[in-house]
Amino acid sequence: MQASLAIVGGLIGLVAYMSTFDWRWLLGAVVLPANWPYTIFVVMPINRRLMDTLPEVATSETRRMLEWLGALHAGRSALGLVATLIFLWTQR
């Protein structure tokens with residue numbers, strides 16, 4: 001659901017940019033769907049490695065990767081927050 005909302009929000013931001021030509025709408029429209037490439041190229045490789053690890057062979061490295069994955073998911077939330085703040089900034 002987050003992915004589809006990022007696309008819809010990005011498209012709405014693009015429409016707002018086209019109607020106002022305020023560059024901040026365009027910036028928000030780019031930052032919001034940036035979750036897609038971030039997830040595909042940064043989060044998914046670690047997620048795949050973790051999914052391929054059998055529980056009985058997990059090591060301390062597996063634990064570190066799991067903790068890092070949590071931090072990476074926080075990065076996805078941060079992108080959404082930044083886009084929201086940009087969109088709110090345009091309302092001034």
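This is a short dialogue on reading cores, a surface patch and one loop residue in a predicted model.

Me: Let's start inside. Which residues make up the largest nonpolar core?

Reply: A nonpolar core is a set of buried nonpolar residues joined through side-chain atoms. Here the largest one has eight residues: Ala6, Ala16, Trp25, Val31, Leu32, Ala83, Ile86 and Phe87. Two or more residues come from each of α1, α2 and α4 (60–89), and α4 gives the largest share, three residues. There is also a second, separate core of six residues, with Val43, Leu50, Met65 and Leu72 among them.

Me: What does tryptophan 25 contact, leaving aside its neighbours within four places in sequence?

Reply: Tryptophan 25, one of the residues of the largest core, is in contact with Gly13, Ala16, Tyr17, Thr20, Phe87, Thr90 and Gln91.

Me: Now the outside. Which helices supply the nonpolar patch?

Reply: At least two residues of the patch come from each of α1 (2–20), α2 (23–31) and α3 (35–52). The patch covers about 1,100 Å², and its residues include Leu11, Phe21, Trp36 and Ile40.

Me: How should I read isoleucine 40, in helix α3?

Reply: Partly exposed lies between the 20% and 50% limits. Isoleucine 40 counts as partly exposed because its relative accessibility is 41%.

Me: And aspartate 22, is it buried or exposed?

Reply: Buried means under 20% relative accessible area; aspartate 22 has 17%, so it is buried. Aspartate 22 sits in the loop between α1 and α2, and its side chain makes a polar contact with the side chain of arginine 24 at 2.7 Å. Not counting residues up to four places away in sequence, aspartate 22 touches Tyr17 and Thr90.

Conventions. Residues numbered from 1 in each chain as written. Predicted model: local features only at pLDDT ≥ 70, side-chain atom pairs only at ≥ 80, totals over all residues. Heavy atoms only, no water. Patch = residues over 30% accessible without salt bridge, like charges linked within 9 Å, V, L, I, M, F, W, Y side chains within 5 Å. Areas by Shrake-Rupley, 256 points an atom, 1.4 Å probe, with all protein chains shown as cover. Salt bridge = Lys/Arg side-chain N within 4 Å of Asp/Glu carboxyl O. Helix = DSSP H or I, 4+ residues; strand = E, 2+ residues; numbered from the N terminus. Buried < 20%, exposed > 50% of the residue type's maximum accessible area, 1.4 Å probe, protein only. Core = buried A, V, L, I, M, F, W, Y, C linked by side-chain atoms within 4.5 Å. Contact = heavy atoms within 4.5 Å. Polar contact = N/O pair within 3.5 Å; in protein donor to acceptor, adjacent residues only side chain to side chain.
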